[in-house]
Amino acid sequence: MCKFIQNSVERGAGLVLDGRNIVFPGYERGNFIGPIILSDVTADMECYKKEIFGPVLLCIQPDNLDEAANIVDRNKYGNGASIFTSSGAAAREFQTEIEAGSGLLYPLGRQRRFVGTHK
């Protein structure tokens with residue numbers, strides 16, 4: 001896993017959060033890895049082409065929804081995909097058209113509503 005991360009950074013991915021050197025007291029010789037976030041990942045990077053079983057978030061920034069759909073559809077694993085958007089139309093299209101094991105919608109630019117009572 002660390003090899004995929006390092007290779008991606010060398011190929012231009014941004015390392016937003018690096019959990020490769022995490023150490024738990026009492027388990028210094030353990031085989032642990034903390035959360036990792038990579039930005040600016042491309043579909044030709046090994047970290048994207050291979051399945052990584054670990055706490056790794058890959059962020060790809062396509063130019064439009066069609067490009068995003070093509071990236072997701074070309075991935076042979078199709079485990080999951082997320083969209084961060086302020087467009088209701090893009091969110092609905094993502095929800096109905098993207099074929100992934102799980103899909104998550106993250107609306108941007110909207111205020112949250114309070115539910116319940118506020119004292």
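The exercises below, each with a worked solution, concern a predicted model of a single protein chain.

**Exercise 1. Establish how the chain is built and where the predicted coordinates deserve confidence**.

Begin with the inventory of secondary structure, which comes to 4 helices and 5 strands, and then read these along the sequence, where they follow the pattern α-β-β-α-β-α-β-α-β. Of the 119 residues in the chain, 26% are buried, and among contacts between residues at least 6 apart in sequence, 36% join residues at least 24 apart.

Next, turn to the confidence: the average pLDDT of the chain is 80, and 81% of the residues score at least 70. Strand E1 has the highest confidence, at 96, whereas strand E5, residues 102–107, has the lowest, at a mean of 52. Finally, examine residues 110–119, over which pLDDT stays under 50 and for which the model has 0 contacts beyond four places in sequence. Where pLDDT is low, the predicted coordinates should not be read in detail.

**Exercise 2. Work out the order and the pairing of the strands in the open sheet**.

The open sheet has 3 strands in the order E1-E2-E3, and its pairing is mixed. E1 and E3 are the edge strands, since each of them pairs on one side only; from one strand to the next, the twist averages 25 degrees.

Now take the two pairings in turn. E1 and E2 run antiparallel and are joined by 3 bridges, and Gly14 has Ser39 in E2 as its bridge partner. E2 and E3, by contrast, pair in the parallel sense, over 3 bridges, and here Ile37 finds its bridge partner in Leu57 of E3.

**Exercise 3. Determine which side of helix H1 is buried, and what covers the buried residues**.

First list the buried residues of H1, namely Phe4, Ile5 and Ser8. They lie on the same side of H1, because they cover an arc of only 100 degrees around the axis. An α-helix has 3.6 residues a turn, so residues three or four places apart point the same way. On the other side of H1, Lys3 and Glu10 are exposed.

Then ask what the helix packs against: H1 lies across E1, E2 and E3, and runs at about 30 degrees to E2. The cover over the buried residues of H1 includes strands E1 (14–17), E2 and E3 (56–58), together with helix H2. After H1 comes Gly12, with a positive phi near 115 degrees.

**Exercise 4. Compare Ser8 and Cys2 of helix H1 by burial and by contacts**.

Start with Ser8, a residue of helix H1, which counts as buried because its relative accessibility is 0%. Not counting residues up to four places away in sequence, Ser8 touches Ala13, Leu38, Met45 and Cys47.

Cys2 also lies in helix H1, but Cys2 is partly exposed, having a relative accessible area of 38%, which falls between the cut-offs of 20% for buried and 50% for exposed. With the residues up to four places away again left aside, Cys2 touches Arg20 and Ile33. As a last step, consider Cys2 together with Cys47: the two are 45 residues apart in sequence, and their C-alpha to C-alpha separation in space is 9.8 Å.

**Exercise 5. Identify the largest nonpolar core and place Leu38 within its surroundings**.

The largest nonpolar core has 12 residues, and its members are Phe4, Ile5, Ala13, Ile36, Leu38, Val41, Met45, Cys47, Tyr48, Ile52, Val56 and Ile71. Sorting these by element shows that helix H1 (2–10), strand E2 (36–39) and helix H2 (46–49) each give two or more residues to this core. Apart from this core lies another, of 8 residues, including Ala69, Val72, Ile83 and Ala90.

To see the surroundings of a single member, take Leu38 and leave aside its neighbours within four places in sequence. Leu38 is then in contact with Ile5, Ser8, Val9, Ala13, Gly14, Leu15, Cys47, Leu57, Leu58 and Cys59. Two of these partners, Ile5 and Ser8, are buried residues of H1, while Ile5, Ala13 and Cys47 are listed among the members of the largest nonpolar core.

Note on methods: Residues numbered from 1 in each chain as written. Predicted model: local features only at pLDDT ≥ 70, side-chain atom pairs only at ≥ 80, totals over all residues. Heavy atoms only, no water. Core = buried A, V, L, I, M, F, W, Y, C linked by side-chain atoms within 4.5 Å. Buried < 20%, exposed > 50% of the residue type's maximum accessible area, 1.4 Å probe, protein only. Contact = heavy atoms within 4.5 Å. Arc of directions from axis to C-beta. Pairing = 2+ DSSP bridges. Axes fitted to C-alpha atoms, helices over the stretch in contact; angles between N-to-C directions. pLDDT = per-residue confidence, 0-100.
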